[in-house]
Each structure stands twice: as structure tokens, then as C-alpha cells.
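User: Please take a close look at one part of this model for me: any space enclosed inside the protein, and what lines it. I'd also like to know how the surrounding elements sit in the fold.

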Amino acid sequence: MDASTTWSHDERDARAIRRRGWTLALLTIAYFFSFMDRQILAILLEAIKADLKLSDTQLGLLSGLVFALFYATLGLPIARLADRSSRSNIIAISLAFWSGMTALCGLAQNFTHLMLARIGVGIGEAGFGPPSQSIIADLYPPEKRASAMAIYSLGVLLGGGLGMVIGGFVAHSYGWRVAMMVVGLPGIALAVIMKLFVVEPRRGLADGKAPAGPADAPTIGLWKGIASIWHNRAAFHLVAAITITSLVGYAVTGWGPSYMQRSLGMSMLDVSKYVALPAAFVAGFSAMIGGWLCDRAAKNKGIYAQSYVVVVMKILAFPFALAFYFVDHLWLALSSYFVAAIFAGAYIGPTYAMIQHLAPLRLRATWAALTLLATSLLGLGLGPFAVGQISDALKPMYGAESLRWAMFSVAMLTPWGIFHYWRAGVLMKRQEAPTA
């Protein structure tokens, strides 16, 4: 038995609140490592393609579907375990496993070897997101949750960007294999720190709910879990919105460095120096501003207003995102890319916060896992893979420019995602309206 279980609930609650800033920081750092290990492949695709003689379709599989199948499908059973047991233990074990598998990617000698290692990364990362979101939701009240989730989402934005920076510089000097090992191995040490210092809060602590034991956690399967979201129409539209947005986002992050090298004439090192790091900080700024605006909107109007803030940010970003594919001048294209990034990162934290707000207390990790199931299978899985297939299909017609048109085709799904955010806001407003 955990020694902390001998404490009173008041003592444990006070300890959890005192350490919530430290817990949020550690979860954000771990999320950083998660996306760094996941997205480093983007900057290395051209080097791996040349070394292992792979097609764009194979690269798309490695970037998305191969990883996503295991990441998504294992997320739900792990989340069900997290809704009933120690979330901090699950996080630490998962971090150690995916970090080791990232390092093993550097030993791959062919497509099959690399595919198996990427599957391992997906298996490890499946145990991180749902329990982390559940912990944050239990530590921060609804009116502060979007900002907390926005801080947490910095791991996505900074991890993906810095992963490409580190990967680009290390691969330029020592090769792509060493780059994989350099970003993978430190995560094993971080896993030990996570085990020692991440707090396990009481379920419902930040919502003022009574203490609940493991017996209160419902045991539901995949279809019942999906049905529970389906019957909450606002939650359904939020999941649809973040899935479509993620599909476009993963296509850009997975293939953006290759597009910049093929169509804009940049080198791998140039992308690392002049794009990856600035883009990470711009997107991080966007996430923080988005979280702040959403919490402010929630305080003044209601939680539903957060969805409208995301709609406005996505509409502002969309024309600049399209310009990135139509401007041939390097610096104009990159300027469009950065302006789009200012607005594009605002959706992540608020979306997770709204979903956690709508989720039943004992299904928070499960709903987070179902959201990741959708964003991973359809977003991460299909986004990069679709771009690779479209690019290969268009190559006879457009040659080296086929990737440009493949990415543009996927980007045109953005208005569909915006519609779902708007609809979620409408339905949440109805739910929050006082009854006569």
C-alpha cells in the first residue's frame, strides 16, 4: 500500500495542491520528450529516405499510421487502468519504455526494423496522455483548467520544434542514427524523476467532489465509451474538431521540413536553424495566449465561449496557412508559415480542457484516451500517410512539386474542423443556460 494512503484526505489534498505547479511542470517536460521523440522523424525523413531507399508512402507510414495504430488502440485499456489505479506509475513506466524504443530507432537497418521500433514508441506513448490530462483536471478548477492545459500543451509545440532542431544539428554532424539516440536516452532518467515527484491527486479534487474509491470507476468497453461521448453532442463535436485539426497539423509537422527542402530549397540544417526553433516558440506563445483568452472568456461568458475563441483563432490562421503553399519566395513563404503558427497553436489546451470539463468524473482518462484514439488513428495515422500517398500519386504530373499539392489538399480540411468547434460552442451554451 502507498504510504500516502495513511494520510487523511485533507492532508493529501493540501499536499497535492501545494505541489500542483511542480507536477504540471514535470508533465509538460515529459510531454515535451514525447513529442520530441515522436516528431524528430520529420527532420530526418530525407536522410532516412536516402539511406534506406524508401518511398514517400513508406515514410508516411513511419511518420503516422505505424505509430498511431498502436498508440491509439492501446490508449483506451491503459486509460481504463488509469481511471482505477495510480496514474503517476503508469506515466513513469510509459516514459521509460518509449524513450528506450526511440533510441533503438537509431539501430534500424531497413524499413522493417524502423517500423518495429516506431511501433514500440507508439506503445510507450499510449500510456502518457490520458492519465496526464486526468491528473491536471483533478488539480486545476474549471476556470483555470484551459491555462493549465495550455501550459501542458507547450510540450507538443516545443517538443516537436526542438526535436527537429536537435535532430537536425546532430544528424548534420553525426548522422540520423545518432540523432535518434541523443533524443531518446535522456527520457529514461526523466522517468525516474517522474516516479519520485509527480503527485497523485484525489479524483475530483479541483471540482470540489467527495472522495471516490476505485470501486466507483465504471468499467466500460470501447463502444460504450464512444457512446458516452456520442450522447454528449458538444463533446462529440469537440472530438471531431480536434481530430480534423490534428490531421491537418500532423500533415504539416510531418512533411513540412521535407516540403521546405524540396520546394523552397532549404537544407536540413537551415530548417533546424531558421524554422524549427522559432516556430516552436511562436506556437508556444500562441498556446499560452489561447489558454489565457479562453480562461478569460470562460470567466466572463461561460465555458462555451472557449470554443468560440478557438474558432476565431483558426479563421485568422487559415489564409496564411494556405499562402505557405502558394508563395515561391522563400522568406514570404516562411513569413506566412510563422503568422499561421501565431494562431494555430491556440486550440490544443482549451480543447482538452473543455473535453475534461464535459467528461464524467471517473471517465476523464477514458474520454482523454478516446480523444487520442480519434486524433491518433485519423489525425496522426492518416494525415502524414495521406500526404505521402497523394504525393506519390501526383509525382508523374508535378514531379518534385507533388508534395506541395499533397499538403495543400489536406490543408483544405481546416474549415470542416472550424465548423465543429463552432457547433460545440453552440451546444455547450445551451447546456450552460439556466433552466426556467
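Analyst: Happy to! Helices here are DSSP runs of H or I with at least four residues (strands are runs of E with at least two), numbered from the N terminus. This is a predicted model, so local features need pLDDT of at least 70 and side-chain atom pairs count only at pLDDT 80 or more, while totals for chains, interfaces and linings use all residues. Residues are numbered from 1 along each chain as its sequence is written, and side-chain values use heavy atoms, leaving out hydrogens and water.

Let's start with the cavities. Searching the whole structure turns up five cavities of 30 Å³ or more, and the largest cavity holds about 910 Å³ of space. (A cavity is a set of points, on a 1 Å grid over the protein atoms alone, where a 1.4 Å probe fits but cannot get out; lining residues have an atom within 4 Å of a point. Points are joined across faces, edges and corners, and the volume is the space filled by probe spheres set on them.)

Around the largest cavity there are 42 lining residues, and Leu157, Gly249, Val252, Thr253 and Ala344 lie nearest its centre. Two or more lining residues come from each of helix 2 (20-52), helix 7 (142-174), helix 11 (233-262), helix 12 (268-300), helix 13 (305-326), helix 14 (330-344), helix 15 (348-358) and helix 16 (364-380). Helix 11 contributes the most, eight residues. By chemistry, the lining splits into 29 nonpolar, 11 polar and two charged residues (Ala, Val, Leu, Ile, Met, Phe, Trp, Tyr, Cys and Pro count as nonpolar, Asp, Glu, Lys and Arg as charged, and the others, including Gly, as polar).

Among the lining elements, helix 15 deserves a closer look. It is largely enclosed by the rest of the structure, because 10 of its 11 residues are buried (under 20% relative accessible area with a 1.4 Å probe and protein chains only; exposed is over 50%, partly exposed in between). The buried residues of helix 15 are Ile348, Gly349, Pro350, Thr351, Tyr352, Ala353, Met354, Ile355, Gln356 and Leu358.

Helix 12, another contributor to the lining, also contains Asn300. Asn300 counts as exposed because its relative accessibility is 54%. From Asn300 to Leu238 the C-alpha to C-alpha distance is 21 Å, with their positions 62 residues apart in sequence.

Elsewhere, Ile135 sits in helix 6 (residues 129-139) and counts as buried, at 0% relative accessibility. Ile135 and Leu205 are 70 residues apart in sequence, yet their C-alpha atoms are 9.8 Å apart in space.

Note on methods:
On a 1 Å grid over the protein atoms alone, a cavity is a set of points where a 1.4 Å probe fits but cannot get out, and a pocket is an open set with protein on both sides within 12 Å along at least five of seven lines; lining residues have an atom within 4 Å of a point.
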